Amino acid sequence: MRETVHVPLGARAYDVVIGPGLMAEAGTFIAPMLSRPRVAVVTESRVAALHLGALEEGLSAAGIDCVALELPPGESTKSWAYLAQVTEWLLDQKIERRDVVVALGGGVIGDLVGFACAVLRRGVRFVQVPTSLLAQVDSSVGGKTGINTAQGKNLAGAFHQPSLVLADTDVLASLAPRDFLAGYGEVMKYGLLGDAAFFGWLEDNAPAMAAGDVGLRVAAVKRSVEMKADIVTRDETEQGDRALLNLGHTFCHALEAATGYSERLLHGEGVAIGCGLAFELSARLGLCSQEDPSRVRAHLKAMGLKTDLADIPGDLPDATGLMDLMGQDKKVVAGTLNFILARGIGQAFVTPDVPPDTVIAVLGDALAAR
Ligand SMILES: NC(=O)c1ccc[n+]([C@@H]2O[C@H](COP(=O)([O-])OP(=O)(O)OC[C@H]3O[C@@H](n4cnc5c(N)ncnc54)[C@H](O)[C@@H]3O)[C@@H](O)[C@H]2O)c1
Ligand SMILES: O=C(O)C(=O)C[C@@H](O)[C@H](O)[C@H](O)COP(=O)(O)O
Ligand SMILES: [Zn+2]
């Protein structure tokens, strides 16, 4: 059940290894990369309590010593304060330019530690050991690293590719159901953006995958990573096509900002709701049939995922307020926001041609249904 997806980025190429039992073999994979048998691991306390011991044993079995830093869990750790703490801790540990840092955790740790490694001594290699479904299918691959700022989501960061990704599917068993489902939002995104057959496969198989079927989990992670690797290889720094991976994210990032990056809305939940809104907007613009957003929302509901703005607890800004938050999106060019829309399931495309009034109308209707 071991799968490897290669990300062919020339001098920055690397493998994503997927399957059960990888923690125990981490040292075997990492040892050939080292100039001395020592690594620094950065993680967070919830993941550390469950999986740091297994990683340390896997490293030690290959004769690799490690020091570890544990941060608080949660989205608010993706901040300037923790970027400074991680960077200074790595310097205090005398991590050298040729050393390797290991990011053990979900997307929060991967994004933060990757950014710290991008700036540490102007660039130190890092290995992603993603522990959430979201991190295994998306954030550990492709080299987008960063933090949130007071102005919005992921607004400071760098493209810094990992040197290796070890996605041990066994660790997904300890995820809380809500965190597993949030990660599923990004899995479904791949089907919606470019592979209708994968979306159909998910409609048939995702309930069993969520219930714990290991073979289905490996298959879903592999297909997601293949799709991401393919897009990232075509457009590493998001000059064009890579924005397809942002399907649903313009809405999602505004909603995350509006809910204060809190437990009210997890990133993957925002992606799920955002994908529904992107398809609704596409249907309103006559690009796809009304059956497509209905099918997306029906699948989200069947999976038990957040589907509508009504599923977000507490107050939200009005439609204009949400549009203002979208103004910080990194896809804005000369003041015009690029959207990811779809001509059908699996047929997403990037376009600046979206009348703001139509976006406001879609948001207004979604807010009115709360
Ligand atoms: N860089 C990228 O390309 C990219 C892509 C997608 C998302 N992201 C970012 O990733 C972040 C979201 O990632 P996430 O959903 O993994 O969030 P996260 O890192 O906060 O993890 C989600 C929750 O799961 C817990 N957890 C992680 N692994 C666990 C395990 N094996 N067992 C039990 N609990 C575990 C964490 O403690 C946390 O409470 C967001 O900041 C998002 O912006 C980045
Ligand atoms: O890798 C990408 O490219 C993505 O857009 C993946 C997204 O799922 C992810 O949330 C990413 O962090 C969003 O990037 P941003 O550039 O919109 O901040
Ligand atoms: Zn995302």
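# Contacts and burial in a predicted model

Modeller: D329 is buried, and K331 is buried too. This is a predicted model.

Biologist: What makes D329 and K331 a salt bridge?

Modeller: The closest N and O atoms of D329 and K331 are 2.9 Å apart. The limit is 4 Å, so the pair counts.

Biologist: Which residues do shared salt-bridge partners join into one network?

Modeller: E3, D195, K222, R223 and E226.

Biologist: How many salt bridges does the rule give?

Modeller: The count comes to 26 salt bridges.

Biologist: How do you know that K144 and E238 form a salt bridge?

Modeller: Their side chains meet at 2.5 Å, N to O. That is within 4 Å, so the term applies.

Biologist: Why do you say that this pair ties parts of the chain together?

Modeller: K144 is in strand β7 (residues 144-149). E238 is in the loop between α8 (214-234) and α9 (249-258), so the link joins parts 94 residues apart in sequence.

Biologist: Is K144 buried, exposed or partly exposed, and what is the value?

Modeller: Its relative accessibility is 31%. Buried means under 20% and exposed over 50%, so K144 is partly exposed.

Biologist: What makes R297 and D308 a salt bridge?

Modeller: The closest N and O atoms are 2.8 Å apart. The cut-off is 4 Å, so R297 and D308 qualify. R297 is in helix α11 (residues 291-303), and D308 is in the loop between α11 and α12 (319-326). The bridge therefore ties together parts 11 residues apart in sequence. R297 itself has 29% relative accessibility, so it counts as partly exposed.

Biologist: Now the metal. What makes E186, H249 and H267 donors of the zinc ion (ligand 3)?

Modeller: Their donor atoms, OE of E186 and NE2 of H249 and H267, lie 2.0 to 2.2 Å from the zinc ion. The limit is 2.8 Å, so these atoms count as donors.

Biologist: How are the donor residues spaced in sequence?

Modeller: The pattern is E-x62-H-x17-H. E186 is in helix α6 (residues 177-194) and H267 in helix α10 (residues 267-284). These two are 81 residues apart, and the pair links distant parts of the chain.

Biologist: Why are E186 and H267 called buried?

Modeller: E186 has 2% relative accessibility, and H267 has a relative accessible area of 16%. The threshold is under 20%, so both labels hold.

Biologist: How many disulfides does the rule give?

Modeller: Zero.

Biologist: How do you know that C117 is too far for a bond?

Modeller: The closest cysteine sulfur, in C66, is 15 Å from the sulfur of C117. A disulfide needs sulfur atoms within 2.5 Å, so C117 and C66 are ruled out. C117 has 0% relative accessibility and so counts as buried.

Biologist: What about C288: how far away is the nearest cysteine sulfur?

Modeller: That sulfur belongs to C275, 12 Å away, and C288 is in no disulfide. At 9% relative accessibility, C288 is buried.

Biologist: On to the rings. How many aromatic pairs does the structure hold?

Modeller: Two.

Biologist: Why is the pair F198 and W201 called stacked?

Modeller: The ring centres are 5.9 Å apart, and the planes stand at 20 degrees. Pairing needs centres within 6.5 Å and stacking needs planes under 30 degrees apart, so the pair is stacked. F198 and W201 are three residues apart in helix α7 (residues 196-211), separated by about one helical turn. F198, at 5% relative accessibility, counts as buried. W201 is partly exposed, with a relative accessible area of 27%.

Biologist: What makes F251 and F339 a tilted pair?

Modeller: Their centres are 6.0 Å apart and their planes are at 50 degrees. Stacked is under 30 degrees and edge-to-face over 60, so this pair is tilted. F251 lies in helix α9 and F339 in strand β12 (residues 339-342), so parts 88 residues apart in sequence are tied together. F251 and F339 are both buried.

Biologist: How do you know that the charged end of R343 sits over the ring of F349?

Modeller: The charged end of R343 is 3.8 Å from the ring centre of F349 and sits over that ring. The distance limit is 6 Å, so that part of the test is met. The charged end of K189 likewise sits over the ring of Y190, 5.2 Å from its centre.

Note on methods:
Residues numbered from 1 in each chain as written. Chains lettered and ligands numbered in written order. Predicted model: local features only at pLDDT ≥ 70, side-chain atom pairs only at ≥ 80, totals over all residues. Heavy atoms only, no water. Donors = N, O, S within 2.8 Å, 3.2 Å for Na, K, Ca; no water. Helix = DSSP H or I, 4+ residues; strand = E, 2+ residues; numbered from the N terminus. Buried < 20%, exposed > 50% of the residue type's maximum accessible area, 1.4 Å probe, protein only. Lys NZ or Arg CZ within 6 Å of the ring centre and 35° of its normal.
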